[in-house]
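Let's take a walk through this one, sheet by sheet and then out to where the parts touch. Have the model open and follow along.

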Amino acid sequence: MSAAETTPQRIAGRGAAPQRSLWHVILVRPETMTLVLLVLAVILASQLSPFFLDISYILRSFTLSAEFAIVALVLTMVIIAGEIDLSPAANMALSTCLFAWAQASGVPMPIAIAIGLVAGLAMGALNAFMVIGLQLPSIIVTIGTLTLYRGLAQIIAGDKSIRMPEWFIGIDKVLVFGVPATVAIFVVVSLVLGLILAGTIFGRQIYQIGTNEVAARYAGIRTRRIKLILFLLMGLAAAIAGMLTASRLGSVRYDLGLGGELQMVLMAMLGGTYIFGGRGTILGTFLAAWLLVVVSTGMTVANLLPAIQLTVLGVLLIVAIIATNLIYSRAQR
Amino acid sequence: MKKADAVPFVSARGISKSFAGIEVLRDVDLDLAKGEIHALLGENGAGKSTFAKILAGIHLPTRGTLSLDGRTIEVSSPVAAQKLGITLIHQEPISFPDLSVAENLVLGRSEDGWFSRVPWAEMTIEAQRSMDLLGVHIDVARPMRGLSIADQQMVEIARALASDSRLIIMDEPTAPLTPREVETLFGIARRLRDEGRTIVFISHRLEEVRALCDRVTIFRDGDKVATDTIGNLSDVDIIRLMIGRPLKEYIHKHSAEIGEVALEVQGLTLPGVFHDISFSVRRGEIVGLGGLVGAGRTDVARAIFGVVPATGGVVKVDGKAVHIDEPEEAIALGIALVPEDRAAAGIFRTLPVEQNITAAVPDRIAPTGVIRRAIERSLAQDSVAKLRIRLASLNQPIGELSGGNQQKAILARWLLVDPSILILDEPTRGIDIGVKAEFYDMIGELASQGKAILLISSEMPELLALCDRVLVMAEGRLTAEIARSEASQERIMSAAVPRVEAAA
Amino acid sequence: MNALGRILARRETGIAVMIVLFALAVSLYKPQFLTLNSLRVILLLTPLVMIAAMGQMLVLVARHVDLSIGSMLGLSAMLTGMMFRDLPEIPWGLGFAVSIGIGTLLGLVNGALVTFFRLPSIIVTLGTLNLYRGLTFIVSNARQVDRQFIPADLKGMSQTSPLLGIPWIIFMAFAVALLTYWFAMHTRVGRQIFALGSNPIAAPLRGVKVTQVTLLVFAISGALSGLAGIMYASRWGFVNPSNTGFGFEFQVIAAVVIGGVSINGGVGSVLGVMLGVLLMGCVAAALPLLGIPGTAQSAIYGAVILVALLIDRSVRRQGIARFKAARA
């Protein structure tokens, strides 16, 4: 975290290791890699099309990924705490289908929204119950719930798409200080979560749990409670992201956010979150989200098929974890 | 007892081993004869286990050579050791719980190709025969999961015999066993010796070594200090060789005023783990809790601290009955626990020393929930100065510190809580002798500040030197309470070894 | 424990009972469920899942997971289908070698990433799931390989029968299961897979070559996905870049875990997996009869995975309790 702070009294002797240089500390951070990649990607993309030097173009492109990016921020915290959640994209679909179905069948909008949010929370709670209460591995549990949530969405919505009322549509077109609203939300959430993770005891304990859960419990940290909060937060974020997506698309289908788990995990990994927990930052995920937008927009501008983009995302995911692992194992020595 | 042969069976010359630049074994020369049971003795960390693991191919020596029947050998892996007829039997035997006993017995023995057939029928028959030969009754078709430790050891021994091992190394095999199981094991060990095999026996228990072994080698701080016939050494000699100085010097004098009862435990029970544990610790008092590994001492500490709560009994803090389900609640009541396994339950290896020290006092470093770096830093700095923790920077990951300094940082974490009751579970395990002495001073100092201290230790001298009273556990029960004036190694040991009646 | 007790205590017995109870319950409501014809329907639903499930079982036993099987199936089926389309004179039997070969290669990539970089298999295969699917679009230019290009003989394997009116592909699936049984139970490397999953730390001490064995299980999973790929072409007569194999991993994982393969490694039997596949087939066949839309299938797979996790957990608990009792 705080890299450049004064050394306490140096006590030489056996057991003392040499202090690292400031450069070493800054350079051997995955976020640095993300930032470098981001700059490279912007330079490359601007060769491709001058659009990329137009900030509003990038902002507009970002609205396509902003919902996933918001969830990815929470996912970053979940992964740092040593767990994972692969179900948020399916959660987005189910909570939003419930919301859309409720409002289509005449429930007043505020209540419909409440239904969607509660559904998202409930899905987060089910994950938490299986992982924390029953002590099952989150990786398999959330594969199960991913399938379950998506399937339930399919049952509720069938093959139809549920239309949103006109006034609800287009939050991504609303500008807040010249920034699309969803992007603004992403930035605000990044700031808030970034401060929480880096500056509060709650954030500190997330790292401690992810580094050594047993030791955390021995140190009096309420590990189960913190994980519960994270899974609930995940569910809530997914429900909100789902509704933002519904507003952007104007209608809801069961396949809303399909495959989003890849993008979310990818943002976290590209941002240097350590897959085995205990390391990572919101800043990293924030940068990675922009990186991903520049890359995928660049590919769209270059007229690459969406399928090729899928391939690139898959490759990026694998490269990102390999690189992050290497950086951390090097930093450890 | 047999005489050592003229030509040694196994001969080690100049064996040295370093881990991360720290030498844990220095120039060890040792000869093992055919048909002898040879004990390796020494304190924790003296190097005896490292030596055994080098023989068994788990570690490669940094320097030195091994020879077998006069020929130099290269023991590059456990499989290579097996081929040479060397088997190491771990205290907690290696097992594949989902495979059958028979499969566990033969796994890794054959060098046939990947797709060669597994001869189930022959395998089962042969496995059953080796178990019968040992005189133990285990159904070899059942899965390994659920077998007692003693039975798992028997499977390992059967394994060694099936591959015709001529050198069998047993690393503290008796610690988790009942006396009856120990007798069975010894019987088998003697038989194997009489067949001309060589057995290396690692143990802490002198009486066992006397009962079983022909010769003994003593290690201290990575050096071999003596090899002799067991009959030539008295217990006092052995202890002196192990600790390098007379026992007396260890005794630490602390003169704390003993006050009110701070912690009282009545009838604490966790079925299958410990039963009906009652004791009390007063302010200013250091109460030792001795016993063998697996006696349930750590479980009692964990129950008091709320890690795995007991199902029956009462815990009283300052006379009031309390209910503790989580460590957090224990801490709020002024209880601290320095856990036994530092790596698993103590440190956050990759996090800065600073964060490790302040982990248990969130309210002090973040009164409002937001971390106040200045407060955190000054708390950590004070601790470092007070406990003389050697480090380069408070930002350094704690994993880079030496074991002793890590342990000091964990102790510092708990002192920040300012507990009135301090439970120390094997606080000096794996720590340099020099740092140990510092720890002893600190523990005495804490007691004289009026803290009630419960000290769990497997090291007798530690218990004898530091404690006002020593409690002893065996097989989940409290078997003795010995006042300082009456405490002796023998009394503690005799209470720690489970009585035959107690063994089911 | 006597022999009967042992049989009753086996996980396979539990699944068999579940299948019978399920079939009886459905037939109370729709008697036509218990006819030969519906058995045929069930059996036709199962071969692809059965084949891939055998690979997935070995992967899970080794304490890994392979999420990319659906995409491996899709990519190998697509390449094979394109070969048939572009080189029509090629003998159709060669398609098997090509499809299996491609699958093996893709599986090896998974295995290499997992072992050489020490990455969690779930993340690696989540990556390759998307990577392979994307490649399928790229190689095919997002175009389907239509019915007329799939060799008639290949399609015939799903329709013609050597015996009892049961099509060839079902026999093939059972042959694969038998082969897997032999491999898992009666070869040294098969047992090493179980040893590795049962105690990964100790396995190398007993001469298990962890790298090679891990590569092997992923290669097998890939090879069997490749085989399932060409059988998809046989069964459905086309290969589509987006549909072929999509979501297949969840079906397979659901069948495997309900069949008693532990996600904690070391435990699994071919018979259990076969029964698990059969149970899932029964459920899939019963849905239309009961008037439940096919869209509910995915939800059922998810629920089945979760239920299987719960069963697995309680089995493990009992094991631990027994272990403790034995020590006490």
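In chain B, four strands make an open sheet in the order 2-1-4-5, with antiparallel pairing. Strands here are DSSP E runs of at least two residues and helices are H or I runs of at least four, numbered from the N terminus; two strands pair if DSSP finds at least two bridges between them. On the edges sit strand 2 (22-32) and strand 5 (71-73) of chain B, each pairing on one side only. From one strand to the next, the twist averages 30° (axes are lines fitted to C-alpha atoms, for helices over the stretch in contact, and angles run from 0 to 180 degrees between N-to-C directions). Strand 4 (residues 63-68) of chain B is joined to strand 5 by three bridges, and the two run antiparallel. Look there for Leu66(B), which stands opposite Ile73(B).

A word on what you're viewing: this is a predicted model, where local features need pLDDT of at least 70 and side-chain atom pairs count only at pLDDT 80 or more, while totals for chains, interfaces and linings use all residues. Residues are numbered from 1 along each chain as its sequence is written, and chains are lettered from A and ligands numbered from 1 in the order in which they are written.

Now for the other sheet in chain B: six strands, open, in the order 16-17-18-13-19-20, with mixed pairing. Its edge strands are strand 16 (335-338) and strand 20 (477-483), and the twist averages 20° from one strand to the next. Five bridges link strand 13 (residues 286-291) to strand 19 (residues 469-474) of chain B, running parallel; one of the partnerships is Val287(B) with Arg469(B). Helix 9 of chain B packs on this sheet, touching strands including 16 and 17, and its direction makes about 150° with that of strand 17. Helix 18 (residues 489-496) of chain B packs on the sheet too, at about 30° to strand 19.

Step back to the domains, whose bounds come from an automatic or database domain assignment. Chain B splits into domain 1 (10-244), domain 2 (248-333 + 421-432 + 452-504) and domain 3 (335-418). Between domains 2 and 3 of chain B, 17 residues of the former contact 12 of the latter (contact means C-beta atoms, placed from the backbone, within 7 Å). Strand 17 of chain B gives the largest share of the domain 2 side, five residues.

Finally, 34 residues of chain A are in contact with 34 residues of chain C. Helix 7 of chain A supplies the largest share of the chain A side, 13 residues.

Technical notes. Two residues are in contact if their C-beta atoms, placed from the backbone, lie within 7 Å.
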